[in-house]
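Here is a note to read alongside the structure, written as a set of numbered points. Please keep the display open and look up each place as it is named.

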Amino acid sequence: MQRELIERLNALIGEGVGKRVLGWKRGEFFYDTEPAILAADQLDELVYDSFCGPNLSKYLIQEMPKLGEGEKIIALIKPCDSYSFNQLCTEHRINKDKVYVIGVGCKGKIDVDKIRARGITGITGIDVDGDALTVHTLYGDEQVNRKEVLLNKCLSCKGKEHRVFDEQIGESEETSTGDDRFDMVKKLEAMSAEERFAFWRGELSKCIRCNACRNVCPACSCVKCVFDNPNTGVQNKAAADDFEENLFHIIRAFHVAGRCTDCGECSRVCPQGIPLHLLNRKFISDIDELYGEYQAGEEVGQRHPVINYTQGDCEPSIVHERGSNA
Amino acid sequence: MKMLKLANLGGWLSAINETQRVYLPIEAADQVNYGVWTPDSVVRLDALRTVKSAKDAFFPQVENMMNFKTEGKNVSVEMIDPKVENFVVLGVRACDAKSFEILDRVFLSDPYDPFYAARREHSTVVTLACGRPDENCFCVNFGIDPADPKGDATMWIVDDTIYLRASTEKGEALVKDLEDADTAPVEAQQAKTREICEKLPFGKLNLKGFDGDHLMEKFNNPKWAELSRACLGCGTCTFVCPTCQCYDIRDFDTGNGVQRYRCWDSCMYSDFTLMAHGTNRPTQVERFRQRFMHKLVYFPSNNEGMYSCVGCGRCLAKCPQNLNIVKVIKALGGDEA
Amino acid sequence: MPVNTEWKPKIVAFCCNWCSYAGADLAGSSRLAYPADVKIIRIPCSCRLNPLFILRAFQRGADGVILCGCHPGDCHYSTGNYYARRRMTLLFSMLNYLGIDSRRTRVEWVSAAEGAKFAATMNDFAKTITELGENVKLGDLRCKEN
């Protein structure tokens, strides 16, 4: 598929559709692909395979001002990334008219850390044969089943449909495990308040405030974040107290509530493996339950539930009434 | 050479713990980080890399430096006395052990840092040799031997046995009561590790041209823009790095006084070294360049050629978008320009 | 004279300028008692209440935070309180999810004419918070010294 894609991109550039391509380029190993913006003469560096996990939509924001009148950038967008793309269009951070979207097929992306977690280290190469992966390492070859090492976000795949595209290349496959994506949220809700508190303290106390979750998030597109602004009174570079860990993560999740497409990038990039998507999913599950099912980025121009209301909305006391304080 | 069965590690740690705290790789919430040992700790000496490096033991992410109190019209200033009790840092890999030398150059040169100095003085460092380097380890480029790390004492884990060698009096004090052992198993492991090191993909990086003599050529290299393109400007690489040592000093108004504390800072952040006139690194290209120029050019040119990278591979493993120092070395190294 | 050492909760009440802030005034001029531990902060509309304000109040020692606004449908700016209602519902639910007792946070609609309701609400909230005791989960240790 990669060869086909590069040929098509060359043709598109030849036709004058755009001058540059937002995609992924090869890294030092087979697994460390890097988001890149490539010109026509760099297209041989382009890679599209099972290791192109990063969501590229957010990179389009910084490209917008660089595009001249009528000029377009060609962007490779996976089905799940297309939700973030639409959401950014809704927020006027991306102008769809300036992007030629190629919906690239996706059959799930592999998480190399999950391979490592099986004690397979010194990874130098891989052979893919359907679902059978042969991993070459400094210490010999190992066999892994592809389905077992997919990125967590692929386990709650949004389906193979691109919500936006000018053309599509490649086949997609839904990789969802079929489990309810809110299972863990429900499990936490069913715990006692003390257990929940202990769970989140354990997770959030690992936070090193590297801000990777914030900076990678397509919904976190503020020019200046409240946590970077000395005039807000909450600027901090490191959590000096447990409170600041809680503060950052509550507010981060709150600021994207209603706009979060559940793309899972926050949890993917966390160097400490904090399940940050569980905070976002709590908001999503509350919104679905209290204000009706809603999927951010499904269409351009949606008005999301946190900037909307009905006169008959439930009162905040519903939180007490659900009786989960014990 | 002394020895200790791996199964008896808890007993030994417990004995040390009677007089001093032990700081070592512990698993909590699925991640391995350095932490203070307790009998309930899940010790993970087998983990090649902790998420955060061992530098926290000497240079914690946040520490209080002084307090200001106001009473009526009087302001009193209370300096925090960096009183530290003896402690042991155990299980430090060769790369992290080397990072202490680099941090010493920064914090122990004039004007020396009393907080860091007190911790260094009261610590015993027990290192741990690597038996299974990862594909993205590249410490060998910086004169580090992962099979024989330096420290007050050094450990090798071979099968179910820990072998220990003391190199200083402090180290001797920890191991003196242990059984004597033969050095043959250790030598066999070292030979194997060194053999693997020969085969490491990044074992022979070309660092030619990364020195003070080529500062402007490196600084002005047009490749920085391309190299930094995907950078998110998060601080992951700097916070997991064992040698990053920049910090910010900030005041926190507690409502009944002010606490002046310092915390790690990252050159990747837009408000790093922000001054009244603004910032001298307006885009991510300059911030990205700063980090690598510091490690590969500025630091060695001020420190007799000592690079401030130890090749631990953490930034390679943790960068969300797979940018890293090896990509920079490969792009800019090798030539004199 | 004996000093009263009994623990008293610190309560922050964010009150909308157009209704409950005047409701508090009415409670005062009607000589209706409510606890002195309730510290009122006036905001232009219940919708002005940024979730950060609530968290900051807890950081700096509040044991309970209450938001008072105009009755739904009566907002001075037509719809502000509707938005506030959704936001506070989601925020309180999140705090609860993190293991923080949701009884420490509350929203009440109190009009300018409801001095009695204001006093009753504050009395009831203070009673609840007194029962819950000191807020330790969301406090900042640095603010607790002295």
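**Notes on a predicted model**

1. Before anything else, please bear in mind that this is a predicted model. Within it, 43% of the 337 residues in chain B are buried, and that is a helpful figure to hold in mind while looking at how this chain is built.

2. When you trace chain B, you should be able to pick out 11 helices and 12 strands. The radius of gyration of this chain is 21 Å, which is close to the 20 Å that the globule rule gives for 337 residues, so chain B is as compact as a globular protein of that length. Along its principal axes, the C-alpha trace of chain B spans about 65 × 65 × 35 Å.

3. Contacts in chain B with a separation of 6 or more deserve a careful look, since 70% of them join residues that are 24 or more positions apart.

4. The largest nonpolar core has 217 residues, and among these Ala75(A) and Met94(C) touch the most other members. The element that gives the most to this core is helix H3 of chain C (residues 80-97), with eight residues.

5. Which residues does Ala75(A) touch, if those up to four places away in sequence are not counted? They are Leu22(A), Leu56(A), Leu60(A), Val99(A), Val101(A) and Ile102(A).

6. Finally, please turn to the place where chains B and C meet: five residues of chain B are in contact with five residues of chain C. On the side that belongs to chain B, one residue is nonpolar and four are polar, while no charged residues are found there.

Note on methods: Residues are numbered from 1 along each chain as its sequence is written. Chains are lettered from A and ligands numbered from 1 in the order in which they are written. This is a predicted model: local features need pLDDT of at least 70, side-chain atom pairs count only at pLDDT 80 or more; totals for chains, interfaces and linings use all residues. Helices (H or I, at least four residues) and strands (E, at least two) are DSSP runs, numbered from the N terminus. The radius of gyration is taken over C-alpha atoms; the globule rule is 2.2 Å times the number of residues to the power 0.38. A residue is buried if 20 or more other C-beta atoms lie within 10 Å of its own, exposed if 12 or fewer, and partly exposed in between; C-beta atoms are placed from the backbone. Two residues are in contact if their C-beta atoms, placed from the backbone, lie within 7 Å. A nonpolar core is a set of buried Ala, Val, Leu, Ile, Met, Phe, Trp, Tyr and Cys residues joined through C-beta atoms within 7 Å. Ala, Val, Leu, Ile, Met, Phe, Trp, Tyr, Cys and Pro count as nonpolar, Asp, Glu, Lys and Arg as charged, and the others, Gly among them, as polar.
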